[in-house]
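Subject: Structure handover

Hello,

Here is the structure I said I would pass on. Please look through it first; my notes on what was found follow below.

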Amino acid sequence: MDFNYTPEEVQFRKDLRQWLENALPEGWGETAFEPEDEDERAMFRLDWERKLHSGGWSGINWPKEYGGRGATLIERAIFAEEMARVRAPEGLNIIGHNLAGTTILRHGSEAQKKRFLPKIISSEEVWCQGFSEPNAGSDLASVRTRAERRGDKFIVNGQKIWTSYAQYSQWCFALVRTDPDAPKHKGLSFLLIDMSTPGISIRPLRQISGECEFNETFFDDVEVPVENIVGDINDGWRIAMTTLAYERGPEDALGRQIRFKQELDKLIETTITTVRGGARLVDDPIVRQRLARSITEVEIMRLNAVRTFSKYLNGEERGPDASIIKLYWSHAAQRMYEAAMDILGPTAPIDAPDPLSAAGGRFQLSYLQSKAFTIYSGSSEIQRNIIGERMLGLPR
Amino acid sequence: MNFGFNEEQKSLGETIAQLLGDFPALLAPDPGEAQDPQVWISLAELGLFSLLVPEADGGVGLSLVDIALGVEALGAGLAPPIVASTLIATDLIAQYGTAEQKARLFPRIASGDLKIGLATLEADQGYDPGQVRTLLGGGGVSGTKILVPGGQDADIFLVLVQSDKQPALILIQREARGLSLRPHADIDPSSGLCELILEGAAIADDALISHKAPGEAVERLFDVAATIYAGMEIGIAARMLDTAVEYAKTRVQFGQPIGAFQAIKHGCADMAVSVEAGRSAAYYAFWAASENVSDRARASSMAKAYCGEVSRDVCNHAIQIHGGMGFTWELGLHRFLRRAKILEHGFGNHAWHYERVITATVAGGSRVADVERDAA
């Protein structure tokens with residue numbers, strides 16, 4: 001066990017820091033912020049991602065031959081830490097980087113790797129995920145969107161739902177039914193679909209927070225070239241499981257942990273600067289207990305991720321341990337935002353742009369957004385089934 | 001950067017688990033009978049007490065990280081708590097003991113000839129070492145300590161006292177004049193908890209741990225003890241999880257193993273998540289104490305607070321999953337619940353440690369861990 005860094009890792013951090021100093025907008029986090037408008041914010045995030053790429057700071061641990069930096073998983077973790085330190089903007093192509101890219105890297109053909117990975121790394125092409133359907137949520141293997149083979153094409157018909165960032169995406173990876181007569185897990189395939197193909201339409205869905213990050217996506221006789229299948233026909237379930245392992249895995253958790261830590265820092269700062277009834281919020285013993293528990297839990301999110309990274313580095317396979325990571329961070333983060341709303345006291349309901357809102361309304365927005373954490377990328381109930389059956393060996 | 005254990009470290013954990021498994025008395029339903037003097041002797045023969053003794057002093061010179069999984073096994077196996085007390089004291093003497101103390105004590109510690117009792121708490125004070133009232137002065141020590149694990153077995157005591165208006169640690173021989181013991185009536189008789197009464201108790205000339213920085217020694221004692229207690233708590237929690245899962249696989253109701261019911265299965269999954277989260281916190285604390293990084297106090301408090309809550313929750317839930325059997329004397333789950341409660345209140349409960357976490361975070365501008373990582 002060693003939390004120290006090698007000279008190469010220290011140099012990596014130093015180089016990144018130096019680059020970041022010049023790359024961030026002037027006054028970032030103090031006078032300069034992300035745009036308020038959702039679409040403008042998306043474009044701002046895309047610009048930031050492309051800037052990272054032009055500096056060589058994208059695809060950190062992906063092979064150089066596909067445009068990556070060829071660095072280690074540890075350097076990937078350092079990258080996440082440094083982004084947190086400067087409170088860097090998020091990216092837009094998160095699904096491309098974390099899910100599409102990792103899945104193609106693992107299961108894609110050489111031609112697919114060469115075609116898709118460089119443009120994911122450069123964020124020239126943004127990706128969305130076509131898994132869930134109105135009648136296939138937790139029961140994902142029940143997807144009904146059909147892909148029929150006709151010559152050198154698949155013809156896709158059906159509907160996907162909760163497709164985040166579909167409105168900004170050039171590509172979608174989708175789980176589709178290619179054999180309606182096979183048992184449900186055995187008739188699925190994993191397709192890469194060009195979002196500009198005729199027959200695709202999207203309809204925004206407004207979320208609990210009022211934002212429209214996700215959508216319904218409709219496929220009406222959409223033609224997909226056969227070379228855009230990942231893996232074999234009817235072998236899509238196995239490949240989708242890889243995608244889910246990454247979606248729930250330590251890379252994802254570490255990126256999130258950093259944002260939660262930023263918000264927690266902001267919350268602590270707010271309790272130090274807010275005086276009520278003549279006393280600072282941070283001097284209230286109940287507030288202190290709640291904060292300390294969240295500080296501990298947010299730190300454990302990081303430690304869980306680093307422990308799991310180490311297992312992978314030591315040669316262990318990705319498996320149901322990802323469900324432990326996801327179940328932990330999602331509930332811990334929800335507790336943190338509940339704590340934030342409790343701690344803010346009587347003014348907790350006051351949201352931006354009201355001048356009395358705390359920290360520009362960020363806790364209200366995050367509190368509402370946090371409701372999704374225990375639902376998406378496999379609800380907590382599904383994660384508990386996976387842990388119970390596949391890790392603990394309990395009967396189905 | 002590697003947050004994993006090597007083969008030797010894993011092997012120590014397995015060896016200690018196996019060794020303790022050979023003593024069914026440790027798990028006896030009656031906590032008053034859950035003792036076997038041979039346990040200490042076997043652990044000593046294994047060399048456990050020489051592990052933390054520095055090589056220069058004739059020991060093996062291992063770090064706290066090296067013994068972390070061993071500590072977890074001590075918790076899971078309900079080893080007598082004075083085993084942990086002796087390891088904690090060994091670390092302290094290695095770090096802060098004088099050359100004379102080391103020369104006098106280490107040979108006996110390493111061979112397992114010396115059991116060391118830890119006496120820190122007092123009945124009318126909280127957990128904070130700064131509140132200590134037991135007074136060192138005039139060549140003797142006066143005051144009353146409570147909840148000293150394995151008090152009657154100890155050959156020597158490490159006692160928290162007030163010296164020059166500062167908390168400090170001193171060593172007192174079991175047979176010192178003015179020292180007496182009274183066993184407590186308490187929730188876990190297998191821990192051997194005693195009151196230690198000091199009435200002008202005589203101490204040797206070199207009894208004080210660290211003349212230069214007695215306060216620093218006290219801080220290290222609390223951080224290392226909190227870490228080791230957290231390790232034992234997570235050992236208990238992991239064992240209770242395994243026990244509950246095993247029962248859920250075999251107990252049949254409504255025509256199927258109860259583990260097939262989601263109400264039970266999901267409870268087990270939540271326990272597994274808690275145990276892994278607790279391990280992350282505990283292992284990090286072991287590392288922070290081994291390397292003596294500036295995040296040590298915060299890391300130990302996070303671990304002690306969190307693992308205390310985990311061990312409590314998992315013991316409760318494991319008993320619930322066993323239904324009526326869980327509530328019986330005979331099955332003995334109460335032994336783990338009892339021991340977990342003793343550990344929870346040793347060296348600060350979760351509320352006290354959470355207060356330390358928030359204090360350290362606010363004082364460090366909330367970025368204590370980052371600073372440490374940057375410095376590394």
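To begin with a local detail: B:L78, which comes just after helix 3 of chain B, takes a positive phi of about 50°. Please keep in mind that this is a predicted model.

Helix 3 of chain B

The helix just before that residue covers residues 64-76 of chain B. Helix 3 of chain B has 13 residues, and from its first C-alpha to its last it reaches 18 Å, close to the 18 Å expected at 1.5 Å a residue. There is nevertheless a kink of about 30° in helix 3 of chain B, and B:G70 is at its centre.

Is this helix mostly covered or mostly open? Helix 3 of chain B is mostly covered, with twelve of its 13 residues buried. Among the buried residues are B:L64, B:I67, B:L69, B:V71 and B:L74. B:D66 and B:E72 are also buried in this helix, as is B:G70, the residue on which the kink is centred. The cover over the buried residues of helix 3 of chain B includes helix 1 (7-21), helix 4 (81-96), helix 6 (214-250) and helix 7 (262-291) of chain B.

Chain B as a whole

Chain B contains twelve helices and nine strands. Its radius of gyration is 21 Å, close to the 21 Å that the globule rule gives for 376 residues, so chain B is as compact as a globular protein of that length. The C-alpha trace of chain B spans about 75 × 50 × 40 Å along its principal axes. Of its 376 residues, 56% count as buried. Taking the contacts in chain B between residues at least 6 apart in sequence, 75% join residues at least 24 apart.

The domains of chain B

Chain B is divided into domain 1 (7-115), domain 2 (118-202) and domain 3 (214-375). The C-alpha centres of domain 2 and domain 3 of chain B lie 27 Å apart. Where these two domains of chain B meet, eleven residues of domain 2 are in contact with 13 residues of domain 3. On the domain 2 side, the elements that give two or more residues are strand 4 (156-163) and strand 5 (166-173) of chain B. Strand 5 of chain B provides the largest share of that side, four residues. By class, the side of domain 2 of chain B that touches domain 3 of chain B has seven nonpolar, three polar and one charged residues.

One residue in strand 4 of chain B can serve as an example: B:S163. Is B:S163 buried, exposed or partly exposed? B:S163 has 17 C-beta neighbours inside 10 Å. Being buried takes 20 or more and being exposed takes 12 or fewer, so B:S163 counts as partly exposed. Leaving aside residues up to four places away in sequence, B:S163 touches B:L136, B:A168 and B:P214. B:L135 is 28 residues from B:S163 along the chain, and their C-alpha atoms are separated by 6.5 Å.

Chain A

Chain A has eleven helices and ten strands. The radius of gyration of chain A is 22 Å, close to the 21 Å that the globule rule gives for 396 residues, so chain A is as compact as a globular protein of that length. Its C-alpha trace spans about 75 × 45 × 45 Å along the principal axes, and 44% of its 396 residues count as buried. Of the contacts in chain A with a separation of 6 or more, 71% are accounted for by residues 24 or more positions apart.

Chain A is divided into domain 1 (7-92), domain 2 (127-234) and domain 3 (248-391). The centres of domain 1 and domain 2 of chain A, taken over C-alpha atoms, are separated by 30 Å.

Where the chains meet

How many residues does each chain bring to the contact? Chain A brings 41 residues and chain B brings 40 residues. On the chain A side, helix 3 (73-85), helix 7 (250-273), helix 8 (285-313), helix 9 (321-344) and helix 11 (380-391) each supply at least two residues. Helix 8 of chain A gives the most to that side, with 16 residues. By class, the side of chain A that touches chain B has 22 nonpolar, eight polar and eleven charged residues.

Regards

Notes. Residues are numbered from 1 along each chain as its sequence is written. Chains are lettered from A and ligands numbered from 1 in the order in which they are written. This is a predicted model: local features need pLDDT of at least 70, side-chain atom pairs count only at pLDDT 80 or more; totals for chains, interfaces and linings use all residues. Two residues are in contact if their C-beta atoms, placed from the backbone, lie within 7 Å. Ala, Val, Leu, Ile, Met, Phe, Trp, Tyr, Cys and Pro count as nonpolar, Asp, Glu, Lys and Arg as charged, and the others, Gly among them, as polar. The radius of gyration is taken over C-alpha atoms; the globule rule is 2.2 Å times the number of residues to the power 0.38. The expected span of a helix is 1.5 Å times one less than its number of residues. The bend at a residue is the angle between axes fitted to the seven residues ending there and the seven starting there. Domain bounds come from an automatic or database domain assignment.
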